[in-house]
Amino acid sequence: MVFTSFNFLIFFPLVLALYWLTPARYRYITLLVASCYFYINIKPVFVFLILGISVIAWVLALLVSKTENEKKKKALFILNIAALLLPLFFFKYFGAINNTLAALLAENNLRWPLPEIRYLLPVGISFYTFMALGYAIDVYNEDIEPEKNPALVSVFISFFPLILSGPIERAGNMLPQFRKAQSPNYDMIVKGMRLILWGYFMKLVVADRLGIYVDSIYNHIPEHNGTSILFASILYPFQLYADLGGYSLIAIGCSNALGFNIVPNFNKPFFAPSMAEFWRRWHMSLITWLTDYVYTPLSFLFRKLKIWGIVIALLFTFLLSGIWHGASLAFVAWGLLQGIFLSIEALLNKKKAAFEKRHNLDRKSWYLTAGIIITFILFASSMVFSRAGSLDVALTAYRKIFTEPGKLFIGSPSTIIYFTCSLLILLLKDFIDEFYPEKFKMFEHQSSLVRIASVSMVIILILLIGVFDSSQFIYFQF
Amino acid sequence: MEEKDVHDKLETSFRKVFNNNSLAIERSMTANDIEKWDSLTHMLLISEIEDSFEIRFKLKELNKMKNVGDMIDMIITKL
């Protein structure tokens, strides 16, 4: 079951009603059953994987916290991390490593005895594994107490709004909310419904309309000229933002309606004037997770190297982020590019700040605009690797962009008109939220007439322009 | 070393890392209150404090320092 399926439109109101009708102290059990049912509808057998990961996380965290001996404690912690990572490694990377080894050996006329192994990737495994890992690390670092109730650990790891693509939540934020009996809160439910509606607009109208065009180019790179590939490459970051951003808003909205506060995942990323700022606004739950559990320990380890220690930590963290996104050289290139962009910014940070101060550039709108445009160009350039999926295709795309100009591929004119209008609406809303947050309110306007008109307009746009026969969310593959 | 001395010496480290000679720190200050105090400059600050006070932090202790006041208290325990 996915958020854009008809089944979900029946499932969620039913769960919402059941949840609030359940006696407060048992509500987490309703959520656990609903989450298992939600996941069973995708692939029944993988529900055992989630429950297995939950049991491992629960048992080993308790053992770690009860162990006094530091060496034993550390050994148990490493065992916990390895056990939680094993399924992710097996399903996501084993096939790729096996195939690479077989190909390398075949080049030297050696036979690799294992046949090609292809497993279906359990949807959301990267996300719930990261949540379980975060719980294990926080308990080990004594940032949180271990949870004694296995059902509460299970519901945290399998919470259905977040299970497929995040936001990647932390046990420190979620467990107290599961433990404490919530009361129905009208404002939270309304807020949640608004987010869900805007999330559907972003996904069904913006992302999937853009997707029609981007797919038509990127799925047939050899047949298209450089101009069309360049145009699709400019559009792809917007498609991904609307796709994962839309998914995140639906996930956060559903959680709000159930009374839960969830961390945001995006914050108007295309108005960031630098790459460092961009990564504070894009896929925020993943980046804060990587910052806390990978970048900070690494930069701490290399702190005596001063700024170069930061550079090493940045490069490794984003390399890992690339490999997390996919077991291919294209994602390695994508991750390294982010690390390189951020490292250059970190190295130039002091000089840049002094330059801005000397010329009083901080508040100049042209300087801000230039920063926003350069940041977008850098990000969009790196996304060519991510969208292409393989290094060969990405390099072909780049070669064509620089050497094969031509007439822009139009395809269906209605598609271009629809995605242009819907993208402008999305960016206009982000622009207002970024620069005029107190003005031009739509969903939160004082007048109920404006609120009703805004909601109606979005519903009409979804029904008229939305793509209802589309595939899944992009991030389900990760 | 008195808390006042720790405060003053810490302020010098902040001024050096954030390149701002007029920066005045207070116990309640967090990363939100000081321009450019982010995950990149934080580790430069930690390293600068370690060198300046000739102390060593543990990774676990970093999470416990939520504001400047926590930092001062942590430094005092190590002197």
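This section describes the fold of chain A, its helix packing and its contact with chain B in a predicted model.

Chain A contains 17 helices and zero strands. Its radius of gyration is 23 Å, close to the 23 Å given by the globule rule for 478 residues, so chain A is as compact as a globular protein of that length. The C-alpha trace of chain A extends over about 70 × 65 × 55 Å along its principal axes. Of the 478 residues in chain A, 40% are buried. When contacts in chain A between residues at least 6 apart in sequence are considered, 74% of them join residues at least 24 apart.

Helix packing in chain A is illustrated by two pairs. In the first pair, the axes of H3(A) and helix H4 (residues 70-107) of chain A come within 9 Å and cross at roughly 175°. Because an angle over 145 degrees counts as roughly antiparallel, H3(A) and H4(A) are assigned to that class. On the side of H3(A), the contact is formed by A:Leu49, A:Ile53, A:Ile56, A:Ala57, A:Leu60, A:Ala61, A:Leu63 and A:Val64. H4(A) contributes A:Lys73, A:Leu76, A:Phe77, A:Leu79, A:Asn80, A:Ala83, A:Leu84 and A:Pro87. Classified by residue type, the contact of H3(A) with H4(A) comprises 14 nonpolar, one polar and one charged residues.

The second pair consists of helix H13 (residues 329-358) and helix H14 (residues 365-388) of chain A, whose axes come within 7 Å and cross at roughly 165°. This angle makes H13(A) roughly antiparallel to H14(A), and the crossing of H13(A) past H14(A) is left-handed. The residues of H13(A) in this contact are A:Ala330, A:Phe331, A:Ala333, A:Trp334, A:Leu337, A:Gln338 and A:Phe341. They are met by A:Leu378, A:Ser382, A:Phe385, A:Ser386 and A:Ala388 of H14(A). Nine nonpolar, three polar and no charged residues make up the contact of H13(A) with H14(A). The loop between H13 and H14 of chain A holds A:Asn360, which has a positive phi of about 50° although it is not a glycine. A:Asn360 has 9 C-beta neighbours inside 10 Å and therefore counts as exposed.

A positive phi is also found at A:Glu142, a residue other than glycine, where the value is near 60°. A:Glu142 is placed in the loop between helix H5 (125-140) and helix H6 (150-158) of chain A. It counts as partly exposed because it has 13 C-beta neighbours inside 10 Å. H6(A), by contrast, is mostly covered, with seven of its nine residues buried. These buried residues are A:Leu152, A:Val153, A:Ser154, A:Val155, A:Phe156, A:Ile157 and A:Ser158. They pack against helix H2 (27-40), helix H3 (47-66), H5 and helix H7 (171-179) of chain A.

Another buried position is A:Ala397, in helix H15 (residues 391-403) of chain A. A:Ala397 counts as buried because 22 C-beta neighbours lie inside 10 Å. Apart from neighbours within four places in sequence, A:Ala397 is in contact with A:Ile221, A:Ile229, A:Val384 and A:Ala388. Among these partners, A:Ala388 also takes part in the contact of H13(A) with H14(A). A:Ala397 and A:Pro222 are separated by 175 residues in sequence, yet the distance between them is 8.4 Å, C-alpha to C-alpha.

Between the chains, 16 residues of chain A are in contact with 12 residues of chain B. On the side of chain A that touches chain B, the elements giving two or more residues are helix H11 (284-301), helix H12 (307-325) and H13 of chain A. H11(A) provides the largest share of this side, five residues. By class, the side of chain A that touches chain B has eight nonpolar, three polar and five charged residues.

Within chain B, helix H1 (residues 3-17) and helix H4 (residues 68-78) pack at an angle of about 115°, with their axes 10 Å apart. H1(B) is thus roughly perpendicular to H4(B), and H1(B) passes H4(B) in a right-handed crossing. The contact joins B:Glu3, B:Val6, B:His7 and B:Leu10 of H1(B) with B:Met71, B:Ile72, B:Ile75 and B:Ile76 of H4(B). Six nonpolar, one polar and one charged residues make up the contact of H1(B) with H4(B).

Terms used. Residues numbered from 1 in each chain as written. Chains lettered and ligands numbered in written order. Predicted model: local features only at pLDDT ≥ 70, side-chain atom pairs only at ≥ 80, totals over all residues. Axes fitted to C-alpha atoms, helices over the stretch in contact; angles between N-to-C directions. Helix = DSSP H or I, 4+ residues; strand = E, 2+ residues; numbered from the N terminus. Parallel < 35°, antiparallel > 145°, perpendicular 65-115°, else oblique. Left-handed = near helix turned anticlockwise from the far one by under 90°. Contact = placed C-beta atoms within 7 Å. Nonpolar A, V, L, I, M, F, W, Y, C, P; charged D, E, K, R; others polar. Rg over C-alpha atoms; globule rule 2.2 N^0.38 Å. Buried ≥ 20, exposed ≤ 12 C-beta atoms within 10 Å, placed from the backbone.
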